[in-house]
Amino acid sequence: MNGIPFDLQILNVLAALFLLLSFSMLAQRRIVTLVNLLAIQGLILFIATVLLAWRTGETHLYLSAALTLGLKVIGLPWLLHQLIRKLDVYWDTEPLINPSATMLIGLLIVIFAFGLAQPISALASTATRNTLGIAIAVILLAFLTMITRRKAMSQVVGFLSMENGLFFGAMSATYGMPMVVELGVALDVLVAMLVLGVFFFQIREQFDSLDLRHFETLKEDE
Amino acid sequence: MPYATLNLCLVLLAAWVVIGFTGLLRPASVGFAGRALFPLGALCGAALAIVAVLGLPIPPERVILPFGLPDLPFHLRRDALSSVFLALLGGASAGISVFSAGYFRQGAGTLPGLLCFQYHVFLASMGVVLLADDAYAFMVAWETMALSSYFLVTTQHRIPDIRRAGFIYLLMAHLGAVAILLSFGVMQGTSWQFTFDAMRATVLDPTWASIAFLLAFFGFGAKAGIVPLHVWLPEAHPAAPSPVSALMSGVMLKTAIYGVLRVTFDLLGEPLWWWGLVALAFGLFTAFYGVIFAAVQTDMKRLLAWSSIENIGLIFTGIGLTIIFHGLSMKSLAALALLATLYHSVNHAFIKSLLFLGTGAVLHATGERNLGRLGGLIRRMPWVAWLTLIGALAIAGLPPLNGFVSEWLLLQAFLFANAVPRPFISMLLPLGAAIVAFCAALSGYVMVKFFGVIFLGQPRESKLAEAHDAGFLERIGLVWLALGCFALGLLPVQVISRLEFVSRYLIGADFGARRTEWWLLAPSVARQASYSPLVFFGVGTAVVMLTVWLVRAFYHRGVRRSAVWDCGFVRLNARMQDTAEGFGQPIRHVFQQFFLMERKLPTPFDKAPQYHLVLADRIWRGCYVPIGKLVRKIADVAALLQQGRISTYLTYSFITLIALLMVVL
Amino acid sequence: MTLSAFAYQLLEIILGVITAPVLLGWVNQCRAWLQNRSAPSLWQPYRSLHKLFYKQAVLAENASPLFRVAPYVVFGTMVLVVAIVPSLETRLPFTVAADAIALVGLLATARVFLSLAAMDIGAAFGTLGARREMMIGFLAEPALLMVLFVAAMISQTTSLPLIAERLSSESLALYPSLAFTAVAFAMVLLAENARIPIDNPATHLELTMIHEATLLEYSARHLALMEWAASLKLYNYVCIGITLFLPFGVATQSQGTTGLALAIVALALKLLVAGSSLALFETVSAKLRIFRAPEFLATAFLLAVLGMLVHLLLGA
């Protein structure tokens, strides 16, 4: 650790926590906890962005941090909690298929992501380039979360976590995306969230549950 | 005197052959073979070990024997590498031979004199394998070894299962031999000289060198029991008499390790680093696969056979690391990994022989191999029990015994694996340490099961009450091996200073220990890591003694014996103890994907409830059965050619003749 | 090695052996407070030990010598672990003889002897306990080894005092990899010491027991040694945790007696905090089904491995 400035050390720790949260989401059974974990992940993203903004003096990062705070730490989790209450899925749990195997696959994904990031981060010039591997890992792990889940709610959480990873990746590689893109993505996520919220109600009305397995019956039988 | 060591070794090997032939003089006499010949063989073994250890620092010696093929007489050569394995052969076989002297009795199987012949030819052939310096001598000895051990495995040849086990063993041995032969063929390059010297001189291009390595890896791997070529081990070991299992598992498997080392580091010269990845991957998987299967076995010898597979996996892991480090010119790390490999080979020879002989004594006393019918033997056979406990603790990798030392070395080597200058690999390698740690921990589980079910608890069958302890000669054999385990565990610096001759010879680097302290194991690569079993053991013993003394001095209120507490359930009996199946249950549960399980559970309404559980190896069903079917299908097609009429066969010959003429002209 | 080093070593051992039951008492006290019970005295473990030592030992009729040897071996092993872990001091002569890997080996030795002794009598619950103990062990041991491995990779040595020195000497260094391993270590600590999500130390129901089931047949001085060894094990684990994750305040070469006094105070504070957080965690969480235990420990193992990967990626 010699020679690395202290704020970067904190950034590294935040990155590690970011990854840790991704793993706990992978292993988490309860949906409410899943949403809370997402909020914490957002919070870490927010802190990391502020820290980076302070370090680099890039003002647009402050804006991005505010966006993260408003949208990912407060807005969306609140929205999801509302949904959970309205849909009455507070005690819903997800039957996980062999969590140990899932974790093992997650581990392999992390190795893959880290290996992938090594040449890229060698090219990048940012101080945070080392964390790029973590960002890629988080994106892939969120993907894995979505694959292994059956409930619509956790799929959405996985999707949002993936979005978090994307932001983190952009931040570590190039100190954030251009502001336009960032705003666009944020808006997209918000809209997607609203649309999905409407969908949830529709799905439940149709099937009396949010279990996505019911979709399998939708195909035309020959 | 030049070539003294090599000649002495040869004399001792010849003595083994002579002892074997002498056995044939009075084939039916147990007393002659047992009381006279086997102890003599043991003496030869001990002498061989001493000669080999003393010969370690002496530079390579060679000799050409005046027989063999016309152009290719037997070339023999002794260097540091063969010396280590000769010492292993001599040391382990000394204990096994003494044990055998008391073990073999008149039975339904092979006559004792014949057995003595096969046994000593087996020993001598292993010695020649280690000394051979041309492909011809090597293959002759290798085949003699395979054949003599085949006959030893099928000692009880009247039992069909044993004949089947022997057949599988012979089949795998020959598959391996073919691959080794091909590998030699590749390695001689274009010189058409089959001496090892010619092979050393030949420089192969990387492709051909890789092919030669992979062939040798396959061939020796089949002998060593690398997954998926391991299938013969769990069959052959339970079938063979215990001393033979001990010899095969403890020593013969190591000749395959010797072969891999010889080919990779000596004959091929400069190994490519990615070969190490192959060895490492197979090694780790073998270790993992072996240990989880060992945990669910219910036959004690089969359990040990699977445990051998695990240990072979660990040894191959060490070989893999050595090749990787060596190929990337990280010499001192390569030396560390090589020393771990060699140390573990020697350790395993002693430990596994001890354990197999322990099961042999149990088998003799009770006639049972099934763990479900044993139990409580520590009270009937204290000698065997306590000596086996040493072996069990050693193989579980517990300090201060020898299994721990090699594990320690291997983990130290892994600790620096992230320095490998290759992306991905530098991240994947440390994961190997995780698997090694896992296997070591699980082997502790296996050994608690093994020892606990056989020797502890209450006897599960009434006949066990008549079990008798091992005889005098058997005890000597066991004590010899147990002492070996202790010595290898407590004096690692001395052992390593001997093994270093090999690493200097093969790799050109050594352990680089701090020479000042003879009791402290401290590799130079792993700065500031050290282990000193002597101090460790001394302080540990002192602490335990002090505790005993303090407790006795201040609080001694005597002991009262009473009935076992039955938790309020009055009719407690021996059948209510945990069974071997039960002990394997957590492993079955955690790793269920690896097993093919067939289970019949009784319902509460059964009048005569039966529990039936069969665990099969997926690799056997998934790999060998299809191959067998394919071969049968091809044979069926080929059988169409066989019409049984002379004129048809003549037509074949005629067509062949015409075809050949057309090609030639 | 000077004489003073041996004196420090001895002091450390004696302090550890004496403090261990108090730590257990403190955890029990905190638990009782948190659960709105009136707490037993801090010295209760001593009283129980004293009582047990003074009783006449009752052995089952078929107990073998192994059964009688095991408590001494288990206790002795735990004392050796106290000697290895630099809880107060880094000038420990004995740590040259045994490093982090040997530490794991020692803990495994204790476990193996405990399980063998439990199987010796041949009562159903003893063997059940032995099997479960080993099941926890085979998953927890590699996890612990990986945790130590990460620390060893960071400090380039497997010698525990050097690890402690290097981790504490950096004025304020943050190791993200240690965040992962700390979680993993906490999980291993809970499992290995028969604490709540895996086992309940206060249980009286044989079917759910793990650690207690292995001790069912023991009585009097043998039981006392086993209980003491269990409290030493908890103490050791907490000290290992302190060494790896909170090494600040450990007395090193450069400091004299004042350093030692400070180290004792720091250790006491850290033990108090660790004990109460253990009690807190135990109070707020529920026991897992035994079949979920492998999952729990596999998670710990994977987290430790993940910590190693993070170390390799971030170089920290």
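The domain bounds used on this tour come from an automatic or database domain assignment, and the model you have open is a predicted one.

**Stop 1: the two domains of chain B**

Start by selecting chain B and colouring it in two pieces: domain 1 covers 272-553 + 582-588, and domain 2 covers 591-664. Drop a marker at the centre of each, using C-alpha atoms, and you'll find 38 Å between them. Where they meet, 10 residues from domain 1 of chain B are in contact with 13 residues from domain 2 of chain B.

How much area do the two domains bury between them? About 1000 Å², with 74% of that on carbon and sulfur atoms. Now show side chains for Tyr289(B), Phe293(B) and Arg588(B): on the domain 1 side these lose the most area to domain 2 of chain B, together making up 56% of what that side buries.

Keep the view there and look for polar links across the boundary. Don't hunt for salt bridges, as the count between these domains is zero. Polar contacts do turn up: three residue pairs, both partners at pLDDT 80 or more.

Next, switch to cartoon and pick out helix 11 (273-296), helix 17 (425-455) and helix 21 (580-590) of chain B, each of which supplies at least two residues to the domain 1 side of this contact. Which of them gives the most? Helix 11 of chain B does, with five residues. Colour that domain 1 side by class and you get nine nonpolar residues, no polar ones and one charged.

**Stop 2: where chain A meets chain C**

Hide chain B and bring up chains A and C. Select the contact residues: 25 from chain A and 23 from chain C. Chain A and chain C bury about 2100 Å² between them, and 78% of it lies on carbon and sulfur atoms.

How many salt bridges are there between chain A and chain C? Zero, and the count of residue pairs in polar contact, with both at pLDDT 80 or more, is zero too.

For the chain A side, select helix 1 (6-27), helix 4 (99-123) and helix 5 (132-148), the elements that each give two or more residues to the surface touching chain C. Zoom in on helix 1 of chain A, which gives the most, with 10 residues. Finish by colouring the chain A side by residue class: 17 are nonpolar, seven polar and one charged.

Terms used. Residues numbered from 1 in each chain as written. Chains lettered and ligands numbered in written order. Predicted model: local features only at pLDDT ≥ 70, side-chain atom pairs only at ≥ 80, totals over all residues. Heavy atoms only, no water. Contact = heavy atoms within 4.5 Å. Buried area = accessible area lost by both parts, 1.4 Å probe. Salt bridge = Lys/Arg side-chain N within 4 Å of Asp/Glu carboxyl O. Polar contact = N/O pair within 3.5 Å; in protein donor to acceptor, adjacent residues only side chain to side chain. Helix = DSSP H or I, 4+ residues; strand = E, 2+ residues; numbered from the N terminus. Nonpolar A, V, L, I, M, F, W, Y, C, P; charged D, E, K, R; others polar.
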